[in-house]
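Student: I would like to work through this model with you, one feature at a time, and to reason from the coordinates wherever possible. Could we begin once the structure is in front of us?

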Amino acid sequence: MKNLSAIILAAGKGTRMKSSLPKVLHRVSGLPMLAYPVNVLKGLKAGNVVVVVGHGADEVRRAFGTTGVGFVLQKEQLGTGHAVMCAMKGLKSVRGDVLILSGDVPLLTAQTVKGLLKLHRAGGKKRPALSLVTTIVDDPKGYGRVVRDEHGAVVRIVEEKDCSVLQKGINEVNAGVYLAEAGFLRSNIAKLGNRNAQGEYYLPDLVELAVGSGRKVKALTHLDANEVMGINNRVELAKANRLLRLRKAEDLMLSGVTIVDPETAYIDSTVKVGADTTIYPGVHITGDTVIGQGCVVEEGVRINGSVIGDSTTIKSHSIVEDSVLGKEVVVGPFARLRPGNSISEGVRIGNFVEVKKTSIGKGSKANHLSYLGDSVIGSGVNIGAGTITCNYDGFSKHTTVIEDGAFIGSDSQLVAPVTVGRGAYVGSGTTVTKDVPPGSLVITRTGEKVIAGWAARKRKKKGKK
Ligand code: UD1
Ligand code: CA
């Protein structure tokens with residue numbers, strides 16, 4: 001957007017979080033809180049974006065170093081007004097308007113910011129020096145109260161700790177979202193004082209400065225207080241998580257995904273899901289997961305950082321981490337896919353099967369009770385119940401190769417490094433330690449012996465019938 005720069009305030013310690021992690025790095029719906037205002041500004045194509053960092057500056061810089069934003073250090077956190085004084089050093093020559101957002105207001109949408117811009121930029125030459133977002137809340141505790149004059153014009157913001165008893169009763173609060181004319185901001189920011197209950201430079205005091213110098217201040221009163229809620233403690237963090245979760249579920253449902261119980265579908269804002277996929281209750285789908293169309297994700301499933309092809313079913317209580325699954329795969333119930341798997345079309349992975357760093361070719365099956373680790377498995381392979389790849393010799397990990405069409409009988413161990421050739425058979429209960437040539441049978445069972453009448457004789461000896 002033309003003539004628009006932005007500042008995001010993110011230097012505060014977040015004392016009320018009681019955490020060693022900087023507040024803005026606490027995650028909301030899978031992303032650090034600060035990612036939300038950063039993404040809003042990306043969507044608006046704001047020119048210069050400066051993030052004010054202070055507490056945990058290095059950590060915040062590391063987390064957002066590649067997002068295209070600039071950083072300004074606020075060495076001492078002397079208040080939101082002081083933070084903007086620091087930021088303006090990085091925005092010396094900007095023209096137009098400066099949007100100021102808080103790093104701890106993650107539910108704010110681009111739509112609201114656009115509304116504020118529209119209000120602020122209407123009216124030609126009589127434009128306001130400053131516009132801000134306010135909202136009405138039942139419990140205004142902790143927020144700055146909006147004081148209006150007898151004509152309804154905003155004249156001042158009073159912080160909770162500076163409020164008179166009467167002012168404490170005001171339900172209209174400052175949301176911490178401002179739009180200021182760059183020239184006004186530059187020439188007035190240094191005029192802020194800190195003679196208040198907290199000894200801080202308050203950014204909202206700009207309102208009084210503007211009004212005092214005969215400039216206009218406009219307020220956009222947002223009807224949904226939830227959208228502009230600030231997160232100061234972990235109770236509010238949980239509330240924001242819930243609201244964003246519901247927002248995400250709603251977006252997905254409107255795009256064609258069936259979510260049986262949106263309240264218990266924990267789907268991060270980073271996740272993509274195709275149409276006609278059905279998601280059952282109690283699932284956690286996180287990270288950069290992409291789920292195709294027509295899939296089924298049953299109850300209790302956890303999927304992280306994975307790509308799931310179309311028409312694939314993940315049955316109840318399965319875990320899929322950092323893996324790529326093709327289309328029409330069936331996993332679970334109670335299966336565990338640890339990181340690093342590549343599972344092709346039509347594969348079946350059944351109950352109590354653990355798979356790690358393994359590739360499995362088209363149509364292969366491991367239906368029950370197996371461990372497949374560090375393996376390269378071809379297509380059309382049948383892995384019998386209880387098969388174990390012994391990938392670890394106590395020192396290092398080794399690879400098991402099972403070529404196309406091989407059949408692994410139940411309860412076999414494949415001691416890696418080892419290869420079972422194309423179309424070979426491994427008899428049930430075999431411990432394979434040497435490569436099996438294609439098309440052959442390997443079997444390590446001792447011969448089976450049947451002793452007729454043995455049981456009856458035994459019972460007689462023990463005096464039992
Ligand atoms: C602030 C507003 C309050 C408003 C509320 C809305 C002030 C003085 N008060 O209060 O009117 O109702 O937001 O959520 O602005 N920060 C810095 N440097 C500092 C201090 C803060 O960068 O020196 C950052 C914080 O990291 C945070 C943001 O500014 O992202 C807001 O600070 P916070 O302490 O949470 O202000 P509130 O008490 O919530
Ligand atoms: Ca806050």
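Student: Bearing in mind that this is a predicted model, in which loop is P333 found?

Tutor: We are indeed looking at a predicted model rather than an experimental one. The strands that flank P333 are β24, which covers 330-331, and β25, which covers 336-337. P333 is therefore placed, with strands taken as DSSP runs of at least two residues, in the loop between β24 and β25.

Student: What is the omega of the peptide bond that joins G332 and P333?

Tutor: The bond that joins G332 and P333 is a cis peptide bond. Its omega is about 5°.

Student: Which residues does the cis peptide bond with an omega of about 0° join, and in which loop is the proline found?

Tutor: That cis peptide bond joins A416 and P417. P417 is found in a loop with β35 (413-415) on one side and β36 (418-420) on the other. The pair asked for is A416 and P417, and the loop is the one between β35 and β36.

Student: What is phi of E328, and where is E328 found?

Tutor: E328 is found in the loop between β23 (324-325) and β24. Its phi is positive, in a residue other than glycine, and the value is near 55°.

Student: Turning to the ligand, how many residues surround ligand 1, and how do they divide by class?

Tutor: The closest residues to ligand 1 are G12, Q74, T80, E159 and N174. By class, the shell has nine nonpolar, ten polar and four charged residues, and β1 (4-10), α3 (80-89) and β10 (172-181) each supply at least two of its residues. The number of residues that surround ligand 1 is 23.

Student: Which residues place a polar side-chain atom or a backbone N or O atom beside an oxygen atom of ligand 1, and how much of the ligand does the protein bury?

Tutor: A polar side-chain atom of T80 lies 2.7 Å from an oxygen atom of ligand 1, while a backbone N or O atom of G79 lies 2.8 Å from an oxygen atom of the ligand. For N174 it is again a backbone N or O atom, lying 2.6 Å from an oxygen atom of ligand 1. Taken alone, ligand 1 exposes 750 Å², and the share of that area buried by the protein is 90%.

Student: Which pocket does ligand 1 take, and which element gives the most to its lining?

Tutor: The space taken by ligand 1 is the largest pocket, in which there is about 1600 Å³ of space. Its lining comprises 48 residues, with R16, K23, D104, G142 and N232 nearest the centre, and by class it has 17 nonpolar, 18 polar and 13 charged residues. At least two lining residues come from each of β1, α3, β10 and α8 (234-254). The element that gives the most, with four residues, is β10.

Student: Which element gives the most to the lining of the second largest pocket?

Tutor: About 300 Å³ of space lies in the second largest pocket, whose 13 lining residues include Y36, L244, R247, D251 and S269 as those nearest its centre. The lining divides into six nonpolar, four polar and three charged residues, and both α1 (35-44) and α8 supply at least two of them. With five residues, the element that gives the most is α8.

Notes: Residues are numbered from 1 along each chain as its sequence is written. Chains are lettered from A and ligands numbered from 1 in the order in which they are written. This is a predicted model: local features need pLDDT of at least 70, side-chain atom pairs count only at pLDDT 80 or more; totals for chains, interfaces and linings use all residues. Side-chain values use heavy atoms; hydrogens and water are left out. A residue is near a molecule or strand if one of its heavy atoms lies within 4 Å of it. A polar contact is a pair of N or O atoms within 3.5 Å; within protein, one must be able to donate a hydrogen and the other to accept it, and residues adjacent in sequence count only if both atoms are side-chain atoms. Accessible areas come from the Shrake-Rupley method with a 1.4 Å probe; for residues, only the protein chains shown count as cover. On a 1 Å grid over the protein atoms alone, a cavity is a set of points where a 1.4 Å probe fits but cannot get out, and a pocket is an open set with protein on both sides within 12 Å along at least five of seven lines; lining residues have an atom within 4 Å of a point. A molecule sits in a cavity or pocket if more than half of its atoms lie within 2 Å of its grid points. Ala, Val, Leu, Ile, Met, Phe, Trp, Tyr, Cys and Pro count as nonpolar, Asp, Glu, Lys and Arg as charged, and the others, Gly among them, as polar. Grid points are joined across faces, edges and corners, and a volume is the space filled by probe spheres set on the points.
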